[in-house]
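Trainee: Could we sit down with this one and go through it together? I'd like to pick out what the coordinates can tell us.

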Amino acid sequence: MEKKFKLYKKLGATLIDKGIWFLKTAHNVKVKKIITWKELVDILNKKYKVPRDKIICADGEYHLTDWQTWQSLIEYDWTDKRKYRKAVYDCDNFAGSFSARMAEIYGLNTAGLAKGIKIIDATTKKVIGYHRANLIIAIDKGEIKAFGYEPETDGWNELTYNHTQIWNWLYYYNYFEFN
């Protein structure tokens with residue numbers, strides 16, 4: 001029995017490695033631009049009115065690709081297929097998984113974590129609660145833009161003055177962390 005489980009472990013790890021190779025090959029992601037952490041902060045501050053002290057950057061440089069590529073990565077990513085498990089695999093885990101996978105597989109460290117998001121129902125204007133999601137920095141029509149991304153549902157929309165609407169929820173962002 002132990003020999004069988006050892007084989008399963010080895011096969012599972014090999015399948016993951018080969019799956020990553022297939023994804024990298026199929027998407028053929030090209031880094032279109034590299035910006036510094038200071039440039040990333042300036043873009044979020046000047047264009048989207050995010051206070052500088054609400055942006056944490058762990059890396060010195062950030063690798064951007066175009067928004068069309070991001071849409072393809074989102075379509076074939078499996079984060080939204082995972083089962084939500086309260087306190088075990090919930091919104092912070094969805095956001096963290098997506099962010100880490102994009103950096104690991106495609107070399108894109110521009111899927112930041114959006115933390116402390118106040119969620120409001122767009123119809124009733126009542127606070128639903130607090131949440132975590134992602135903020136993707138991408139090039140769209142020759143311009144660097146920020147997109148709020150919901151990894152649990154694959155919903156997204158361009159950031160507008162530190163908030164966005166995805167489906168029927170208004171996302172009021174608190175702070176961002178880029179690893």
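Trainee: Let's start with a charged pair. Which residue's side chain does Asp77 meet in a salt bridge?

Mentor: Keep in mind that this is a predicted model. Side chains of opposite charge can pair when their charged atoms come close. Here the N to O distance is 2.8 Å, and the partner of Asp77 is Arg101.

Trainee: And how many residues apart are Asp77 and Arg101?

Mentor: Asp77 sits in the loop between α3 and α4, while Arg101 is in helix α4 (91-106). The pair links distant parts of the chain, and the separation is 24 residues.

Trainee: Is Asp77 buried or exposed?

Mentor: The cut-off for buried is under 20% relative accessible area. Arg101 counts as buried because its relative accessibility is 13%. Asp77 has a relative accessible area of 4%, so Asp77 is buried.

Trainee: How many salt bridges does a search of the whole structure find?

Mentor: Asp77 with Arg101 is a salt bridge, and so is Lys32 with Asp66, at 3.8 Å from N to O. Searching the whole structure gives a count of seven.

Trainee: Take Lys32 and Asp66, then. How many residues apart in sequence are the parts that this pair ties together?

Mentor: Lys32 is in the loop between α1 and β1 (33-36). Asp66 is in the loop between β3 (61-64) and α3 (67-76), and Asp66 counts as buried because its relative accessibility is 14%. The pair therefore ties together parts whose separation in sequence is 34 residues.

Trainee: Lys115 has a salt bridge too. In which strand does its partner Glu177 lie?

Mentor: The side chains of Lys115 and Glu177 meet at 2.5 Å, N to O, and both residues are buried. Lys115 belongs to strand β4 (residues 111-121), so the pair ties together parts 62 residues apart in sequence. The strand that holds Glu177 is β10, residues 175-178.

Trainee: Now for the strands. Which residues make up the covered face of β8?

Mentor: β8 runs over residues 163-166 and has two faces. His163 and Gln165 are on the uncovered one. That leaves the covered face to Thr164 and Ile166.

Trainee: What is the bridge partner of His163 in β9?

Mentor: β8 pairs with β9 (residues 169-172) in the antiparallel sense, over four bridges. The hairpin of these two strands has two residues between them, and Trp167 takes a positive phi near 60° there. As for His163, its bridge partner in β9 is Tyr172.

Trainee: Trp167 has a positive phi, then. What is the phi of Ala87?

Mentor: Ala87 is in the loop between α3 and α4. It counts as exposed because its relative accessibility is 66%. Ala87 is not a glycine, yet its phi is positive, at about 70°.

Trainee: And in which loop does Lys125 lie?

Mentor: Lys125 also isn't a glycine, and it has a positive phi of about 65°. With a relative accessible area of 55%, Lys125 is exposed. Its place is the loop between β4 and β5 (127-140).

Trainee: Let's look at Lys46. How far apart in space are Lys46 and Tyr161, C-alpha to C-alpha?

Mentor: Lys46 lies in helix α2, residues 37-48, and is exposed, with a relative accessible area of 56%. In sequence, Lys46 and Tyr161 are 115 residues apart. In space, their C-alpha atoms are separated by 9.6 Å.

Trainee: What about greasy spots outside? Which residues form the nonpolar patch on the surface with about 470 Å² of accessible area?

Mentor: One member is in helix α1 (residues 2-27), namely Leu7. Leu7 counts as exposed because its relative accessibility is 54%. The full patch on the surface is Met1, Phe5, Leu7 and Tyr8.

Trainee: Let's zoom out. What is the radius of gyration of the protein?

Mentor: The secondary structure comes to four helices and ten strands. For 179 residues the globule rule gives 16 Å, and the computed value is close to that, so the protein is as compact as a globular protein of that length. The radius of gyration is 17 Å.

Trainee: Last one: what share of the residues is buried?

Mentor: On the outside, the protein exposes about 10,300 Å², with carbon and sulfur atoms supplying 56% of that. Among the 179 residues, the buried share is 44%.

How values were computed. Residues are numbered from 1 along each chain as its sequence is written. This is a predicted model: local features need pLDDT of at least 70, side-chain atom pairs count only at pLDDT 80 or more; totals for chains, interfaces and linings use all residues. Side-chain values use heavy atoms; hydrogens and water are left out. Patches are made of residues with over 30% relative accessible area and no salt bridge: like charges are joined within 9 Å, nonpolar side chains (Val, Leu, Ile, Met, Phe, Trp, Tyr) within 5 Å. Accessible areas come from the Shrake-Rupley method with a 1.4 Å probe; for residues, only the protein chains shown count as cover. A salt bridge is a side-chain nitrogen of Lys or Arg within 4 Å of a carboxyl oxygen of Asp or Glu. Buried means under 20% relative accessible area, exposed over 50%, partly exposed in between (1.4 Å probe, protein chains only). Two strands pair if DSSP finds at least two bridges between them. The radius of gyration is taken over C-alpha atoms; the globule rule is 2.2 Å times the number of residues to the power 0.38.
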